[in-house]
Amino acid sequence: MFFMGTYTPRLDDKGRLFLPAKFRDRLAEGLVVTQGQENCLVVWPTDVFMEEAQRARATPMTVKSAREYARILFAGADEGSLDKQGRIGIPAPLRDYAGLDKDVVVIGVMDRIEIWDPARWREYSTGAQVKFAELDEEPSSN
């Protein structure tokens, strides 16, 4: 199952977020929330996070970019699970990193979910839309 779509739930006063109902079954076995690129948060099903961790582990720690990636991936990671209402708790340091307050944007991105500050998402999405519109591949030479 791929995560897909864009949703606009709200964080409650305790930093909890209702995830879209269609995402919940895939996260029933557990999840990991961590820092993502471009100051968003990433919610991984636990098994997918473990696959990502194995990829990070397979890269020698003598490679500077591998050390940096592993540090950010794991230092901000928080294991969790859905509560009975389908919410996840987002720790304050992660909310601060992503600039999250009340309103958020939740997007499905294949094997993960991203959580964005709405203004940051609009800015990022606008730039990405322009690049997407300009995509042009050369015909295959086969």
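Contact means heavy atoms within 4.5 Å. The model shown in these views is predicted.

**View 1. The whole chain combines helices and strands.**
The protein has 5 helices and 8 strands. Read from the N terminus, the elements follow the order β-β-α-β-β-α-α-β-β-α-β-β-α. Along the principal axes, the C-alpha atoms fill a box of roughly 55 × 40 × 30 Å. Consider contacts between residues at least 6 apart in sequence: 60% of these join residues at least 24 apart.

**View 2. Arg87 and the residues it touches.**
R87 is found in strand β6, which covers residues 87-89. Leave out residues up to four places away in sequence, and R87 touches D12, R16, L17, F18, S81 and L82. Is R87 buried or exposed? R87 counts as buried because its relative accessibility is 14%, and the cut-off for buried is under 20%.

**View 3. Polar contacts of the R87 side chain.**
Two partners are shown here. The side chain of D83 makes a polar contact with the side chain of R87, at 2.7 Å. The side chain of Q85 also makes a polar contact with the R87 side chain, at 3.0 Å.

**View 4. The largest nonpolar core.**
This core holds 20 residues. Which of them touch the most other members? They are L17, I88 and I115. Several elements feed this core: β3 (31-35), β4 (41-45), α4 (92-98) and β8 (112-116) each supply at least two of its residues.

**View 5. I88 and its contacts.**
I88 is one of the core residues that touch the most other members. Set aside its neighbours within four places in sequence. I88 is then in contact with G15, R16, L17, L19, L31, V33, V43, S81, L82 and I115. L17 and I115 appear in this list. R16, L17, S81 and L82 are among the contacts of I88, and R87 touches these residues too.

**View 6. A second core.**
Apart from the largest core lies another core, of 12 residues. Its members include V42, W44, L73 and I107.

**View 7. Surface and charge.**
Of the 142 residues of the protein, 37% count as buried. The accessible surface comes to about 9,200 Å². Carbon and sulfur atoms account for 52% of this surface. How many charged side chains does the protein have? There are 19 positive and 23 negative side chains. The centres of the two sets lie 6 Å apart.

Methods: Residues numbered from 1 in each chain as written. Predicted model: local features only at pLDDT ≥ 70, side-chain atom pairs only at ≥ 80, totals over all residues. Heavy atoms only, no water. Core = buried A, V, L, I, M, F, W, Y, C linked by side-chain atoms within 4.5 Å. Buried < 20%, exposed > 50% of the residue type's maximum accessible area, 1.4 Å probe, protein only. Helix = DSSP H or I, 4+ residues; strand = E, 2+ residues; numbered from the N terminus. Areas by Shrake-Rupley, 256 points an atom, 1.4 Å probe, with all protein chains shown as cover. Lys, Arg positive; Asp, Glu negative; His and termini not counted. Charge placed at Lys NZ, Arg CZ, Asp CG, Glu CD. Polar contact = N/O pair within 3.5 Å; in protein donor to acceptor, adjacent residues only side chain to side chain.
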